[in-house]
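Look over the chain from end to end before reading on. The paragraphs below start with one small cluster of charged side chains and then widen the view.

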Amino acid sequence: MRALVTRRARSILLGLRAPPQSSSSSSYGTYLCGNPFLLESRLRAVLPDGFLKWSSVGSCRGSRFATGFTPLQPKPLNSIIDLDRAQNYPQEELVSIWDDYHLGRGHIGATMKAALYRLMEQRAATCRYFVIPLWKGSGYTSMFVQAQMPYILFTGLEDYKARGTQASPFLTVTHYTEFADSKDIVLIRGDVVFTSKLSDSEAKWLMETAQSFYLNDTRYKLVERFNKETHEFEFKDVLQALEMPML
C-alpha cells in the first residue's frame, strides 16, 4: 500500500522544485511588530520595569509580520499538487500522499481537521504570540511563536529580543485551506529556514506543540496570559505544562 501511495503521490504532486535556500534576503509574508525601540519606549512609559521581561516581546498586538526577513511569497498549493486531480482522492489517501511527499525533503507535512483549524485561527486572531522551550541536549532554547493565520513563524527568542524585527525565523508554517470544505482537512507545510539550527524532528515537535497550546483549553490559558495579562505570565508554567525541568 505504501508503494502504491508513493506512486500516486508522484503522479499528482507538481512543482517539485527544491525549497528556497535560507538566506538573509529570503522572507515569509510580513513580519510582526513594527519598531521594537518605539514599542519598548512606550511600554516603559506605562509599565514598571519588571513587566518588560515579557511585555517587550508579547504585547505587539495589532502590528504586522516583521520585516527583517524579506518576505518570501508562500508557495501556493497549486504549485505543489494538481488541485483538480487531488479532489478525486478520498481524504485518507490525500493525507497519505501529502505526508509521503514531505518525507525526507527538508519540509514538514501535516494535516488538521477543518474545525480545529478554525478554532486555532479564531484564537490566534487575539493571541498572536507565545514562547515555547525547545529541548536541546542538556538544556532548552526558547522559541518565540508569531501566529498570523494561515502562517506561523518560529524565531529564537534571544534572537528576537536582540534584533527585534530583524531576527529571521527558524521555521515557517503555512496552512492550506483549499480542501477544508470539500474534504474537511487543512494541509500544513513547515519549512525549516535554518537547517543548521533546527532539525526536521525538532521542527515537527515545535509545530505540534504550538498547536497543542492553541487547541487545548487548559494550555491555551497560558497563551491568553502571555498576550493579555503579560505581567502575570511565568515561563515556568510552560515548562510545567510540557513536563520539562526548570534549569
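In this predicted model, a network of salt bridges links Arg225, Lys236 and Asp237. Within that network, the side chains of Lys236 and Asp237 meet at 3.5 Å, N to O. The two partners are not covered to an equal degree: Lys236 is partly exposed, with a relative accessible area of 40%, whereas Asp237 has 19%. Buried means under 20%, so Asp237 counts as buried.

The structure holds 11 salt bridges, and two others can be examined in turn. Arg189 pairs with Asp191, and their closest N and O atoms are 3.4 Å apart. Are these two residues buried or exposed? Arg189 is buried because its relative accessibility is 2%, and Asp191 is buried too, with a relative accessible area of 16%.

The next pair is Lys161 and Glu158, whose salt bridge has its closest N and O atoms 3.9 Å apart. Both belong to helix α7, residues 157-163. Because they are three residues apart in this helix, about one helical turn separates them. An α-helix has 3.6 residues a turn, so residues three or four places apart point the same way. As for cover, Lys161 is partly exposed at 44% relative accessible area, and Glu158 counts as exposed because its relative accessibility is 54%.

Now take the chain as a whole. It contains 11 helices and six strands, and 49% of its 247 residues count as buried. Its accessible surface comes to about 12,000 Å², and 51% of that area belongs to carbon and sulfur atoms. How do contacts relate to position along the sequence? Among contacts between residues at least 6 apart in sequence, 69% join residues at least 24 apart.

One helix can be checked by simple arithmetic. Helix α6 runs over residues 114-126 and has 13 residues. At 1.5 Å a residue it should span 18 Å, and its end C-alpha atoms are 19 Å apart, so the two values agree. The buried residues in α6 include Ala114, Tyr117 and Met120, together with Arg123 and Ala124.

After this helix, look at strand β2, residues 129-136, where Val131 has its place. Val131 has 0% relative accessibility and therefore counts as buried. Phe154 lies 23 residues from Val131 along the chain, and the C-alpha atoms of the two are separated by 9.1 Å.

Phe154 also appears in the interior. Which residues of the largest nonpolar core touch the most other members? In this core of 47 residues, they are Phe130 and Phe154. Helix α9, residues 200-215, gives the most to this core, with seven residues. There is also a second, separate core of 12 residues, including Leu77, Ile81, Leu94 and Ile185.

Finally, consider what surrounds Phe130. Leaving aside residues up to four places away in sequence, Phe130 touches Met143, Phe144, Val145, Phe213, Leu222, Val223, Phe226, Phe233 and Val238. One of these, Phe213, can be located on the structure along with the others to follow the contacts of Phe130.

Conventions. Residues numbered from 1 in each chain as written. Predicted model: local features only at pLDDT ≥ 70, side-chain atom pairs only at ≥ 80, totals over all residues. Heavy atoms only, no water. Helix = DSSP H or I, 4+ residues; strand = E, 2+ residues; numbered from the N terminus. Buried < 20%, exposed > 50% of the residue type's maximum accessible area, 1.4 Å probe, protein only. Expected span 1.5 Å × (residues − 1). Salt bridge = Lys/Arg side-chain N within 4 Å of Asp/Glu carboxyl O. Contact = heavy atoms within 4.5 Å. Areas by Shrake-Rupley, 256 points an atom, 1.4 Å probe, with all protein chains shown as cover. Core = buried A, V, L, I, M, F, W, Y, C linked by side-chain atoms within 4.5 Å.
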